[in-house]
Amino acid sequence: MLNLFENESNKNSKERPLAYRMRPRNLTEFFGQQDIVGENKLLNRAIKADRLQSLIFYGPPGTGKTSLAQVIANQTEAEFTKLNAVTSGVKDLREVIKLAKSNLNLYQKKTILFIDEIHRFNKSQQDALLPAVENGTVIMIGATTENPYFEVNSPLLSRSRIFRLNKLTSENVLMILKNSLSDSERGLGKLAVKISESNLNLIAELADGDARVALNTLELAVLTTAPSASGEIIINQKIIEESMQKRILNYDRQGDNHYDVVSAFIKSMRGSDPDAAIYWLARMIVSGEDPKFIARRVVIHAAEDVGMADPTALILAESAARAVEQIGFPEAQIPLAEAVIYIATAPKSNSVVTAIGKAISYVENNKAVPVPPHLRDSHYSGAQQLGHGLNYKYPHDYSKNYVKQNYLPPELNKLSFYNPGKMGREEKTARFLDYLKKVETKKEQSDS
């Protein structure tokens, strides 16, 4: 029923996966997330002082959520209990809470309850936990890959401090891999593993910030490779590809090739070639590019190169970006691909870029002029006595919901920033703006 974090020294048998064996025992062995566990950071101080309040660790897989809980388990003098929200229910929670009350009343000993995948608890399960968290019977530590603001009840959120764990950097993952290779007690240090720095870097890159994936790949590569005549286990690129079940493409997210692929992706969408755009999108996905980075580029391109020719492109791009944030890969690759195809096949215009560029340049290089009185806010007390809003013409009081009046200061009336293009919706926009220049407007009879 309950899974306690047991003493890791009794759990380091070779039957355990390398990723399990290499979990950090203290903060010194914990790599990454220095913004929350670095020296003198709040969580670092709280762990060392054994002064914890309820916490929620939120972040992608393999970023150290369970490892941080393990560090706390090793550090604290409190009773440490673990539940997995997938396999546990209200009955399990009640048993933990009952035992926690007993420990607190009889021995003045706190209980820390670690709940893995807390987002899997439904509302009634979270409600059953709330009173014990509120009155301090248990100190809860929740771990989730989902945004807790969407998945965890507000009352529980308000009683917890939320720490977001970001994807590990390739450098973090590389250090974890090297540590596992040198550790003779828990890692692969007793084996004569020979792997180049570049191949270790490949594993770190392809793991995409997931330490568990990196360690599983390295372990599988080592355990399935026969030693050479000299007893060395030589790990090459082909073995890494087979172990990760992913073909390694010529794509370095920190190097020139990264920018070349992104450039080809953007130019293919701008050039209205959906097949090429989808190909470069697939290259980035398979090579482990950050989905959020791809989504940002798609949103920018929708505004920059499609713009007012088809404003729906920006709405679709933003929806795809939200899907990446809320759903994640692999499912989010479908709405992302939909947005890419829509943008590639949409009419193009960069009139928005030109308009805002010209306007910003003008504002930066010219003196600011006052807002004309008729355009000023007239809703607060005394505004009308100051002449604010006086002689403003409300467009909806006029035929065709339009009336000619100055919306710029008189000395700026000849300025023009927006020039509609001739593609898609902008063709109609241009005709409409030309029409407004010629239309005669009069106030509606009923309002005269």
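This is a short chat about a predicted model of one protein chain.

Student: What is the mean pLDDT of the chain?
Tutor: The mean pLDDT, the predictor's confidence in each residue from 0 to 100, is 85, and 91% of the residues reach 70 or more. Because this is a predicted model, local features need pLDDT of at least 70 and side-chain atom pairs count only at pLDDT 80 or more, while totals for chains, interfaces and linings use all residues. Residues are numbered from 1 along each chain as its sequence is written, and side-chain values use heavy atoms, with hydrogens and water left out.

Student: Where is the pLDDT below 50?
Tutor: That is the stretch of residues 1-12. Where pLDDT is low, the predicted coordinates should not be read in detail.

Student: New topic: which domains are assigned?
Tutor: The assignment, which is automatic or from a database, gives domain 1 (33-164), domain 2 (170-243), domain 3 (255-348) and domain 4 (370-447). The C-alpha centres of domain 2 and domain 3 lie 34 Å apart.

Student: And which residues of helix 16 are buried?
Tutor: In helix 16, a DSSP run of H or I with at least four residues, numbered from the N terminus, the buried ones (under 20% relative accessible area, 1.4 Å probe, protein chains only) are Ala313, Ala317, Ala320, Ala321, Ala323 and Val324. They lie on the same side of helix 16, because they cover an arc of only 155° around the axis, taken from the directions from the helix axis to the C-beta atoms.

Student: What do they pack against?
Tutor: These buried residues pack, with contact meaning heavy atoms within 4.5 Å, against helix 15 (291-306) and helix 17 (333-345).

Technical notes. Buried means under 20% relative accessible area, exposed over 50%, partly exposed in between (1.4 Å probe, protein chains only). Helices (H or I, at least four residues) and strands (E, at least two) are DSSP runs, numbered from the N terminus.
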